[in-house]
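The following exercises train the reading of a protein model. Please study the sequence and the structure before attempting each one.

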Amino acid sequence: MNAARLLELLEATATLPTAPFHEGRVIAHAKGWAADEGLTTRRDSYGNIAIDSVAGEAPVVVFAAHMDHPGFEISDVSGALTEAKWMGGVEPDYFPGAKVKVFSDPPTTGVCVKTELQAERRRVDKMFLDLEGEVKVGDSGSWNVPEWHLDGALVHTRAADDLAGCAAVLGAVTVLAAEGIPTCGLLTRAEEVGFVGALGAMRADTVPAGTPILAIEASKAVGRVRQGDGPVVRIGDKSGVFDAGLCRFLGDVAESIRDRHADFQWQRALMDGGTCEATPYSLFGRPSAGIALPLDNYHNRSDDGRRLAAETIHVGDFFGCVVLMVEAARQLADPDAAGPGKSLSAYRRSLVSNAREGLERLEGDALTS
Ligand SMILES: [Zn+2]
């Protein structure tokens with residue numbers, strides 16, 4: 001798949017309306033894409049979508065991304081202001097006067113006039129909206145920020161977290177299907193309200209228990225991570241660290257790509273700007289790690305104050321992410337290539353071999369003292 005087609009896939013995916021529990025349009029898009037590419041999709045009892053690159057064969061790796069983004073659900077249309085239930089991590093200060101868009105038929109826009117907070121936590125529970133058009137209970141919505149704007153290599157889009165991850169999964173699984181490498185793309189629901197879809201996918205055994213899971217997520221660029229410096233091998237998040245063998249393996253894969261393509265860039269970091277699905281997968285004993293797309297304006301919160309904005313990611317990081325995913329799957333499928341276990345044991349051997357002289361010296365010291 002060439003870069004132009006991948007970019008088209010990113011645009012077609014990232015511009016879809018979505019909110020927790022309201023992932024229907026992303027699901028339809030993923031199923032449509034898979035059907036066009038001749039890929040098999042499965043839907044589990046929680047509505048998560050699994051896309052198998054080779055039907056009936058055990059995947060060598062699962063690429064997971066979530067289909068939702070912070071948003072709201074209309075709960076009462078009887079008053080002068082429309083009431084909505086907010087879902088997702090955005091501080092209360094951003095809400096008053098914020099522009100919103102309801103994904104009604106036809107879509108309508110408006111402003112958030114006031115909010116009601118949850119009693120126990122300083123989080124928004126209800127929003128009261130002044131809307132231009134008609135909506136009905138159950139309609140979903142989110143912030144009214146630019147849906148797609150390409151500024152040089154920077155994509156400005158509402159829900160890079162995690163529709164860009166979904167696009168990367170669709171792209172990688174499609175490439176790997178053409179190569180006959182069995183992988184699974186797992187697109188989950190309701191991540192923003194506590195990993196609900198991911199937990200359901202484990203309960204339903206949507207993907208085989210022992211298979212490595214890589215969470216593909218656009219995640220706030222923190223520390224030394226820079227947009228444009230390549231995809232991030234994510235060794236952990238705000239809540240914990242990921243599988244050591246998988247993390248080292250991903251780094252080895254990235255280096256092997258750079259050996260062949262000097263312009264390939266990648267980064268390694270613990271991205272503690274948020275928690276990603278690799279954490280619940282790890283907690284339930286699944287070997288997991290992550291690949292992150294460095295994100296700015298995380299959850300549409302601009303860095304320059306209490307303003308809402310489109311999220312941004314770098315196109316080069318997105319392409320690099322797909323390249324890294326594809327190469328990781330190729331190496332996992334190749335019995336002669338290194339895998340997570342071999343990457344760790346090779347590193348262990350190199351440590352011992354580098355320390356040989358020092359070890360002998362210490363042993364000598366211990367004998368003479
Ligand atoms: Zn998020």
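Two strands pair if DSSP finds at least two bridges between them. Helices (H or I, at least four residues) and strands (E, at least two) are DSSP runs, numbered from the N terminus. The model is a predicted one, in which local features need pLDDT of at least 70 and side-chain atom pairs count only at pLDDT 80 or more, while totals for chains, interfaces and linings use all residues. Residues are numbered from 1 along each chain as its sequence is written.

**Exercise 1. Describe the barrel and the pairing of strand 9.**

Solution.
Step 1. Strands of a sheet pair through backbone hydrogen bonds, either parallel or antiparallel.
Step 2. Here six strands close into a barrel in the order 4-5-8-7-6-9, with antiparallel pairing. From one strand to the next, the twist averages 40° (axes are lines fitted to C-alpha atoms, for helices over the stretch in contact, and angles run from 0 to 180 degrees between N-to-C directions).
Step 3. Strand 4 (residues 71-76) is joined to strand 9 by two bridges in the antiparallel sense; Phe72 has Gly141 of strand 9 as its bridge partner.
Step 4. Strand 6 (residues 99-102) is also antiparallel to strand 9 (residues 140-143), over three bridges. Val100 stands opposite Trp143, and Lys101 has Ser142 as its bridge partner.

**Exercise 2. Determine how strand 3 is placed and paired.**

Solution.
Step 1. A residue is buried if 20 or more other C-beta atoms lie within 10 Å of its own, exposed if 12 or fewer, and partly exposed in between; C-beta atoms are placed from the backbone.
Step 2. Five of the five residues of strand 3 (residues 62-66) are buried, so this strand is largely enclosed by the rest of the structure.
Step 3. Val62, Ala64 and His66 point one way, and Phe63 and Ala65 the other way.
Step 4. Strand 3 runs parallel to strand 12 (residues 184-188), with five bridges between them; Phe63 is partnered by Gly185.
Step 5. Strand 13 (residues 213-220) is likewise parallel to strand 3, over three bridges, and its Ala215 lies opposite Ala64.

**Exercise 3. Which residues of the largest nonpolar core touch the most other members?**

Solution.
Step 1. A nonpolar core is a set of buried Ala, Val, Leu, Ile, Met, Phe, Trp, Tyr and Cys residues joined through C-beta atoms within 7 Å.
Step 2. The largest such core has 88 residues, and Phe63, Ala164, Ala168, Ile216 and Met325 touch the most other members. Helix 3 gives the largest share of this core, 13 residues.
Step 3. A second, separate core of 23 residues includes Phe72, Ala98, Cys112 and Val135.

**Exercise 4. Is Ser288 buried or exposed?**

Solution.
Step 1. Ser288 lies in strand 17 (residues 288-295).
Step 2. Ser288 is buried because 25 other C-beta atoms lie within 10 Å.
Step 3. Two residues are in contact if their C-beta atoms, placed from the backbone, lie within 7 Å. Apart from neighbours within four places in sequence, the contacts of Ser288 include Pro212, Ile213, Phe242, Asp243 and Tyr281.
Step 4. Thr211 is 77 residues from Ser288 in sequence, and their C-alpha atoms are 8.7 Å apart in space.
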